[in-house]
Amino acid sequence: EGNKKVCRGALVVLEGLDRSGKSSQCSRLANYLEGQGISAELWRFPDRNTDVGKMISAYLTNTSQLDDHTIHLLFSANRWEKRSLMETKLKSGTTLIVDRYSYSGVAFSSAKGLDIEWCKAPEVGLLAPDLVAYLDIPPEKAAERGGYGGERYEKLEFQKKVAESYKALHDVSWKSVDACQPIEDVEKQLQEIVFDCVTECQKGKKPLSLLWS
Ligand code: TMP
Ligand code: MG
């Protein structure tokens, strides 16, 4: 090991209902950071490329049926299988822009009626985000946006319950952004809060922490 201290990257998570604009904002953010000379990668959960991710994808597209607890644990396992790579990347200075994380896991499963503490338990010990940007949109507005893609959870009545569940998860790392604004305005706000977060992490005084403690 050399004696030069590498500044760690930031763990930035975007959360929100389906059709809240997360995915396009995540890629815009990753491009923006690269343009600022900040090493950044775009990640997403579920990561449908792994074996576990393929099971999740089959469930979401209704080609398989699974018990609610089982699919919850698979979503969590899908994050655990990426945990060590995540830590390595962050410690080597790469900022990660992550499209959904444990908050989706808990919000969607508890919206089905599963106990919230039970839902949180398998997430304990995963890396805690430095920033969670919540793209806030009324469920009705999201549903109007070009319609849903037809996956399992993309139904207005269910999304209303998810919106309620998300509210129980807000903590100090959360910043809400009004996702009903024009896409460029959302982008600008995200750039500002993410840039501040990356700068803060680069100072080296904020160690990585763990969910959910
Ligand atoms: P996606 O549309 O972002 O690929 O996510 C697929 C769906 O899976 C979306 O409706 C949210 C849901 N989901 C969970 O239920 N639990 C989780 O842990 C994650 C990451 C997503
Ligand atoms: Mg979706």
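For the exercises below, Ala, Val, Leu, Ile, Met, Phe, Trp, Tyr, Cys and Pro count as nonpolar, Asp, Glu, Lys and Arg as charged, and the others, Gly among them, as polar. This is a predicted model, in which local features need pLDDT of at least 70, side-chain atom pairs count only at pLDDT 80 or more, and totals for chains, interfaces and linings use all residues. Residues are numbered from 1 along each chain as its sequence is written, chains are lettered from A and ligands numbered from 1 in the order in which they are written, and side-chain values use heavy atoms, with hydrogens and water left out.

**Exercise 1. Describe the shell around ligand 1.**

Solution.
- Step 1: 13 residues surround ligand 1, and the closest are Asp18, Arg48, Arg79, Arg100 and Gly105; a residue is near a molecule if one of its heavy atoms lies within 4 Å of it.
- Step 2: By class, the shell holds six nonpolar, two polar and five charged residues.
- Step 3: Helices α3 and α5 (102–111) each supply at least two residues of the shell. The largest share, three residues, comes from α5. Helices (H or I, at least four residues) and strands (E, at least two) are DSSP runs, numbered from the N terminus.

**Exercise 2. List polar contacts of ligand 1 and state how much of its area the protein buries.**

Solution.
- Step 1: A polar contact is a pair of N or O atoms within 3.5 Å; within protein, one must be able to donate a hydrogen and the other to accept it, and residues adjacent in sequence count only if both atoms are side-chain atoms.
- Step 2: A side-chain N or O atom of Arg48 is 2.9 Å from an oxygen atom of ligand 1, and for the side chain of Arg100 the distance to a ligand oxygen is 2.8 Å.
- Step 3: Gly105 contributes a backbone N or O atom, 3.3 Å from an oxygen atom of ligand 1.
- Step 4: Ligand 1 taken alone exposes 480 Å², of which the protein buries 94%. Accessible areas come from the Shrake-Rupley method with a 1.4 Å probe; for residues, only the protein chains shown count as cover.

**Exercise 3. Locate the cis peptide bonds Phe45 to Pro46 and Leu211 to Trp212.**

Solution.
- Step 1: From Phe45 to Pro46 omega is near 0 degrees. Pro46 lies in the loop between β2 (40–44) and α2 (51–60).
- Step 2: Between Leu211 and Trp212 omega is about -15 degrees. Trp212 is placed in the segment after α9 (183–202).

**Exercise 4. Give phi, location and accessibility for Arg19 and Asn62.**

Solution.
- Step 1: Arg19, a residue other than glycine, has a positive phi near 70 degrees. Its place is the loop between β1 (11–16) and α1 (22–35).
- Step 2: Asn62, not a glycine, has a positive phi of about 65 degrees. Asn62 is found in the loop between α2 and α3 (68–80).
- Step 3: Buried means under 20% relative accessible area, exposed over 50%, partly exposed in between (1.4 Å probe, protein chains only). Arg19 counts as partly exposed because its relative accessibility is 38%; Asn62 is also partly exposed, with 38%.

**Exercise 5. Is Leu169 buried or exposed, and how far is its C-alpha from that of Ile116?**

Solution.
- Step 1: Leu169 is found in the loop between α8 (156–167) and β5 (174–178).
- Step 2: With 4% relative accessibility, Leu169 counts as buried.
- Step 3: Leu169 and Ile116 are 53 residues apart along the chain, and their C-alpha atoms are separated by 9.8 Å.
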